[in-house]
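Let's walk through this structure together, one piece at a time. Please keep the sequence and the 3D view open as you read.

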Amino acid sequence: MISFRPSSKWYANTTYSFRLVLQESDGPGVKFSYPMDVHVTGTTYDFYKEENFTDYTFEMGALDRYGNTSITWSNPINYPFLRDNWDAMFDVYIKNVTIREHNQTMPLLSWEHTGVSDDNKTMHFRARFHDPYMLGLLTKKSDRLYIHFKYDLLDFDGHFKRESYDDKTYFEGMYLNCTDEYGCVKPNATLSRVFPTACATDKEKSPPDNKDAQFISTKEREKLYKKKRIDIQFDFENTEMMYMRKFAEKTYWYLCGVVVFQYLMLAMRNIGFLPLWTLIEYMQLCAFIPLYNFRMIPYLYDAFKPFLVSHLVLTDEARLLKEFENDYFNINYDYFGLNIAKLAQALALVTILGGIIIFINIVIFAAWMVTPRDTKVG
Amino acid sequence: MISNTLKQFRFNVYIRFYMLSYFDLTFFAVMKYIEGDTSTNLRKIAEVVSYIIMTLSAVVPLFIMTVVCRRFEVMKIKQAKESFNTVVLKIDKQSRWRLVVPGYFFFRRLLTACLLSMPIDNTFIFL
C-alpha cells in the first residue's frame with residue numbers, strides 16, 4: 001500500500017501523474033510499468049486570495065506655510081532605506097495654477113527628509129520652492145505639490161518587478177514588519193505588496209486578461225501619486241522674501257516717523273490738525289487692502305501696520321490676554337500674525353486713549369474752574 | 001485760552017476720537033460676533049461687549065447726523081458750528097445733502113468691517 005500525505009495546503013485539488021515501475025531485484029528482468037494519477041482532494045488555494053498580504057499605500061499630509069509636509073504609509077516602512085533611495089522611487093514636483101498654459105511641471109528647490117514617526121509609518125519632509133512668494137496666492141485655484149511613486153517599479157501583483165532585464169527587487173528593502181513581540185524585522189517580501197489595487201487594474205487592462213489590448217497597460221500605475229495644495233509660503237531663507245520682509249519692517253518706522261513729523265509740524269505752526277486727520281483716515285482705509293485681498297503677501301503686513309491706527313502700537317508679542325496668543329479668527333489672521341490677544345490689545349489701547357482724553361478733559365475743566373475769567377489764560 | 005481748549009472737548013475731540021476708533025471698534029465687534037465662541041466667561045463678556053459696540057456703531061453715526069441735521073440752520077452761525085467742526089467742516093456748503101459725506105465716512109468703514117469679518121470661504125469674499 002502506498003500512502004500519500006500532502007504536507008502543504010498548496011497541493012490541494014491538484015493531480016499528480018507519475019509512472020510506477022515494478023522490477024524484480026534479483027530476477028531475470030521482470031519489469032512492469034503502471035501509469036498512476038494521484039489526486040489531492042480539497043479546494044485550490046489562490047495565492048493572491050488566500051494569503052494575508054501586507055499592503056503598502058501612502059497618504060500625503062497637508063503642506064504648512066514653512067514647507068513642512070509628510071506621507072503616512074499604511075504599514076511600517078524601513079525609513080533609512082526609503083530616505084536613501086527616495087529619488088529612485090519617487091518624483092516630487094509642483095503643478096502651479098498656470099499648468100494648462102505651459103503644460104510643464106515645476107521642480108522644487110530642495111526636498112529635505114526631516115525624520116520619521118515612532119511607529120515607522122509617517123515620513124516628514126521639508127520642501128523649499130523657487131519663488132515661494134508666487135505660490136498659494138489664489139483661493140479658487142491651487143498650486144499643488146505632488147509626490148509621485150514611479151510607475152515602472154511594480155508588476156501586476158503589486159510586487160517589485162522581478163524580471164531578468166528589469167529587476168527592481170532591490171526596493172523590497174523598504175518593507176518593515178513591526179510587532180510588539182519581536183520588534184521590527186524585515187518581512188517576507190512575497191507577502192508584501194505596494195498599491196495592489198492599481199496594479200491589479202492594470203492587469204485587467206493588459207493582455208492576456210484583456211484580449212482586446214495589444215500592449216501592457218501602465219495607466220493606473222502612472223497615477224500612484226498624492227497631491228496637496230500649496231498654501232501661502234513663508235520661506236525667509238529666500239533672498240527676495242527676506243529682503244521684502246526687512247523692507248516692510250523698516251517701512252513701519254518710516255511711516256510712524258511721517259505721522260509724528262506731521263503732527264509736530266502742524267502743532268508748531270498752529271494751523272490745525274486737519275491734514276493729519278485726513279492722512280490717518282485714508283491710511284486706515286488703505287491699511288486693510290492686504291487683509292481684504294487675503295492672499296496678499298502677509299509678510300509685508302508690517303508695511304501696512306501703521307495705517308491701521310490701533311495696529312500702529314501693536315507689539316510683536318502680546319502683552320495682554322496671553323492665553324489667546326494662539327487663537328486666530330481664521331487662517332488669514334494667523335498668516336498676518338494677528339492673534340486674538342493682539343487684536344484685544346489694540347482694542348484696549350483704543351479704550352485707554354479714550355480714558356486719557358476724558359482725563360485731560362477733566363483736568364482742563366478743573367483748570368478752567370480755578371482760573372479767573374478776566375485773565376489772559378482764562 | 002483754557003476756555004477755548006475746553007470748548008474743543010465739547011464735542012470735537014470726542015467726535016474725532018470716535019471717528020478714528022470707529023473702524024477698529026466695529027471691526028473687532030463684528031469679528032467677535034461672527035466667531036461666536038462663548039465657551040469661557042471671558043468670551044461671553046466679549047460677546048456681550050461686541051453686541052453693544054455693534055449697536056453703537058449703527059446708532060451713534062445716525063445720532064450725530066441727526067443732531068447736525070436738526071441744528072443745520074443754527075450751524076450757519078460760525079460760533080454754533082465750532083463744536084461740530086470735525087463733522088461739519090466737510091459739509092460747510094449750506095446744503096443738508098452735504099451730510100452724505102460724513103455719513104459715507106461711517107458707512108464705508110462699517111461695510112469694510114463686515115466684509116473683513118466674512119468667513120474665508122465665503123463667495124462674497126471677492127467683493
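In chain A, what share of the contacts with a separation of 6 or more comes from residues 24 or more positions apart? For chain A that share is 59%. Please keep in mind throughout that this is a predicted model.

Let's begin with an overview of the two chains. Chain A contains 11 helices and 13 strands, and 21% of its 378 residues count as buried. Chain B is built from six helices and zero strands, so to speak a plain run of α-α-α-α-α-α when read along the sequence. Of the 127 residues in chain B, 25% count as buried. In chain B, residues 24 or more positions apart make up 64% of the contacts with a separation of 6 or more.

A good place to enter chain A is strand β8, residues 122-128. Its side chains alternate along the strand: Met123(A), Phe125(A) and Ala127(A) point to one face and are buried, while Thr122(A), His124(A), Arg126(A) and Arg128(A) point to the other face and are not buried.

Which strands pair with β8(A)? One of them is β5(A), residues 68-73, which pairs with β8(A) in the antiparallel sense over five bridges. Within that pairing, Thr72(A) has Thr122(A) as its bridge partner. Another is β7(A), residues 110-116, also antiparallel to β8(A), with six bridges. Here Glu112(A) stands opposite Arg126(A).

β7(A) and β8(A) also form a hairpin, with five residues between them. Asn120(A) lies in this loop between β7 and β8 of chain A. Its phi is near 60 degrees, a positive value in a residue other than glycine. With 17 other C-beta atoms within 10 Å, Asn120(A) is partly exposed.

Asn13(A) also has a positive phi, near 55 degrees, and is a residue other than glycine. You will find Asn13(A) in the segment before β1 (14-23) of chain A. Is Asn13(A) buried or exposed? Asn13(A) is exposed, because it has 11 other C-beta atoms within 10 Å, and a residue with 12 or fewer counts as exposed.

Now follow the chain to Val38(A), which sits in strand β2 (residues 31-40) of chain A. Val38(A) is partly exposed, with 13 other C-beta atoms within 10 Å. Leaving aside residues up to four places away in sequence, Val38(A) touches Phe4(A), Thr15(A) and Tyr16(A). The C-alpha atoms of Val38(A) and Ser8(A) are separated by 15 Å, and the two residues are 30 apart along the chain.

Elsewhere in chain A, three strands form an open sheet in the order β6-β9-β13, with antiparallel pairing. β6 (90-95) and β13 (225-230) of chain A each have a single partner strand, so they stand at the edges and one side of each is left without a neighbour in the sheet. From one strand to the next, the twist averages 20 degrees. Strand β9(A), residues 143-149, is joined to β13(A) by six bridges. In that pairing, His148(A) has Tyr225(A) in β13(A) as its bridge partner.

What lies at the heart of the nonpolar packing? The largest nonpolar core has 26 residues, and Ala127(A), Leu154(A) and Phe195(A) have the most contacts inside it. At least two residues of this core come from each of β8, β9 and α5 (196-205) of chain A. β8(A) gives the largest share, three residues. Phe195(A) touches Thr57(A), Leu154(A), Gly158(A) and Leu224(A), not counting residues up to four places away in sequence. Apart from this core lies another, of 25 residues, including Leu338(A), Leu349(A), Phe28(B) and Leu116(B).

One more backbone detail in chain A deserves a look. The peptide bond from Pro207(A) to Pro208(A) is cis, with omega near 10 degrees. Pro208(A) lies in the loop between α5 and β13 of chain A.Finally, turn to chain B. Helix α3(B), residues 41-70, packs against helix α6(B), residues 100-116, at an angle of about 175 degrees, with the axes 10 Å apart. That angle makes α3(B) roughly antiparallel to α6(B). Ser57(B), Pro61(B) and Met65(B) of α3(B) make the contact with Pro102(B), Gly103(B), Phe106(B) and Leu110(B) of α6(B). By class, this contact has five nonpolar, two polar and no charged residues.

How values were computed. Residues are numbered from 1 along each chain as its sequence is written. Chains are lettered from A and ligands numbered from 1 in the order in which they are written. This is a predicted model: local features need pLDDT of at least 70, side-chain atom pairs count only at pLDDT 80 or more; totals for chains, interfaces and linings use all residues. Helices (H or I, at least four residues) and strands (E, at least two) are DSSP runs, numbered from the N terminus. A residue is buried if 20 or more other C-beta atoms lie within 10 Å of its own, exposed if 12 or fewer, and partly exposed in between; C-beta atoms are placed from the backbone. Two residues are in contact if their C-beta atoms, placed from the backbone, lie within 7 Å. Axes are lines fitted to C-alpha atoms, for helices over the stretch in contact, and angles run from 0 to 180 degrees between N-to-C directions. Angles under 35 degrees count as roughly parallel, over 145 as roughly antiparallel, 65 to 115 as roughly perpendicular and the rest as oblique. Ala, Val, Leu, Ile, Met, Phe, Trp, Tyr, Cys and Pro count as nonpolar, Asp, Glu, Lys and Arg as charged, and the others, Gly among them, as polar. Two strands pair if DSSP finds at least two bridges between them. A nonpolar core is a set of buried Ala, Val, Leu, Ile, Met, Phe, Trp, Tyr and Cys residues joined through C-beta atoms within 7 Å.
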